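Please look over the sequence and the model below before reading on. The notes after them are arranged by topic, so that each can be checked against the coordinates.

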Amino acid sequence: MEKPKFKGHLKLLVLKLLEEGPLHGYGIMAELEKRYGMPHPSPGTIYPILASLKRAGLIEVAGEGKRDKKLYRITEKGKEYLREHEYEVNEAIETAERFREFARLGGRDLAEVLKEVFNSVNEMSGEQKRALAKEFSEFTKRVRLILLGEIPGGKENG
């Protein structure tokens, strides 16, 4: 998924969370992780989004919570924005739910190991590269068969 679209989706998800009630930045991060299985979004991701939403008049600071943490809440303009962009909000929620399921299936671990391979490829021996190429080829074929409904070592799904 393209990063700009992801960030746009994240803005909508944050706004949708705040529609349910005021939250502080950490609460937003925790709720995104809990609901959508997102790896804990960093403060460097969430706080610029909050600042952007605040500048647009879609949220406001509701007050101070525990330990002087700012509580954010949605404004009427923010609620109207969510209504006007219902399709995009639903798309963001569907994407987040797919991400949660993908992570549950081991997708996050797969992504991490592929990143490790990518970062190590120049230091690998020819033997390591050949072994990986074989594994990738076999894995790719098995995944495509599963996507077609043919479960390797099992029955066809029909």
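What follows is a briefing on the overall fold, the sheet, one helix and two residues.

The model is a predicted one, and the values below are computed from its atoms. The protein has 158 residues, of which 26% count as buried, and its secondary structure comes to 7 helices and 3 strands.

**Overall fold**

- Read from the start of the sequence to its end, the elements of the protein follow the pattern α-β-α-α-β-β-α-α-α-α.
- Among the contacts in the protein with a separation of 6 or more, 48% are accounted for by residues that are 24 or more positions apart.
- The protein has an accessible surface of about 11100 Å², and carbon and sulfur atoms make up 54% of that surface.

**The sheet**

- The 3 strands form an open sheet, in which the order is S1-S3-S2 and the pairing is antiparallel.
- Strand S1 (23–24) and strand S2 (59–64) stand at the edges with a single partner strand each, so one side of S1 and one side of S2 are left without a neighbour in the sheet.
- Between S2 and strand S3 (residues 70–74), the antiparallel pairing runs over 5 bridges; Glu60 has Arg73 in S3 as its bridge partner, while Ile59 stands opposite Ile74, which is also in S3.
- Between S1 and S3, the antiparallel pairing runs over 2 bridges, and His24 stands opposite Leu71 in S3.

**Helix H5**

- Helix H5 (residues 86–104) has 19 residues and should span 27 Å at 1.5 Å a residue, a value with which the model agrees, because the end C-alpha atoms of the helix are 27 Å apart.
- The buried residues of H5 are Val89, Ala92, Ile93, Thr95, Ala96 and Ala103.
- These buried residues cover an arc of only 160 degrees around the axis, which means that they lie on the same side of H5.
- On the other side of H5, the residues Glu86, Tyr87, Arg98 and Arg104 are exposed.
- After H5 comes Gly106, which has a positive phi, near 105 degrees.

**Ala96, on the buried side of H5**

- Ala96, which lies in helix H5, has a relative accessible area of 4% and is therefore buried, the cut-off being under 20%.
- When the neighbours within four places in sequence are left aside, Ala96 is in contact with Leu13, Tyr36 and Met38.
- Ala96 and His9 are 87 residues apart along the chain, yet the separation of their C-alpha atoms is 8.4 Å.

**Glu31, in helix H2**

- Glu31 is found in helix H2, which covers residues 25–36.
- Why does Glu31 count as buried? The relative accessibility of Glu31 is 18%, and the cut-off for buried is under 20%, so Glu31 counts as buried.
- The side chain of Glu31 makes a polar contact with the side chain of Arg35, at 2.7 Å.
- Not counting residues up to four places away in sequence, Glu31 touches Leu17 and Tyr36; Tyr36 is also one of the residues in contact with Ala96 of the helix described above.

Terms used: Residues are numbered from 1 along each chain as its sequence is written. This is a predicted model: local features need pLDDT of at least 70, side-chain atom pairs count only at pLDDT 80 or more; totals for chains, interfaces and linings use all residues. Side-chain values use heavy atoms; hydrogens and water are left out. Helices (H or I, at least four residues) and strands (E, at least two) are DSSP runs, numbered from the N terminus. The expected span of a helix is 1.5 Å times one less than its number of residues. Buried means under 20% relative accessible area, exposed over 50%, partly exposed in between (1.4 Å probe, protein chains only). The arc is that of the directions from the helix axis to the C-beta atoms. A polar contact is a pair of N or O atoms within 3.5 Å; within protein, one must be able to donate a hydrogen and the other to accept it, and residues adjacent in sequence count only if both atoms are side-chain atoms. Contact means heavy atoms within 4.5 Å. Accessible areas come from the Shrake-Rupley method with a 1.4 Å probe; for residues, only the protein chains shown count as cover. Two strands pair if DSSP finds at least two bridges between them.
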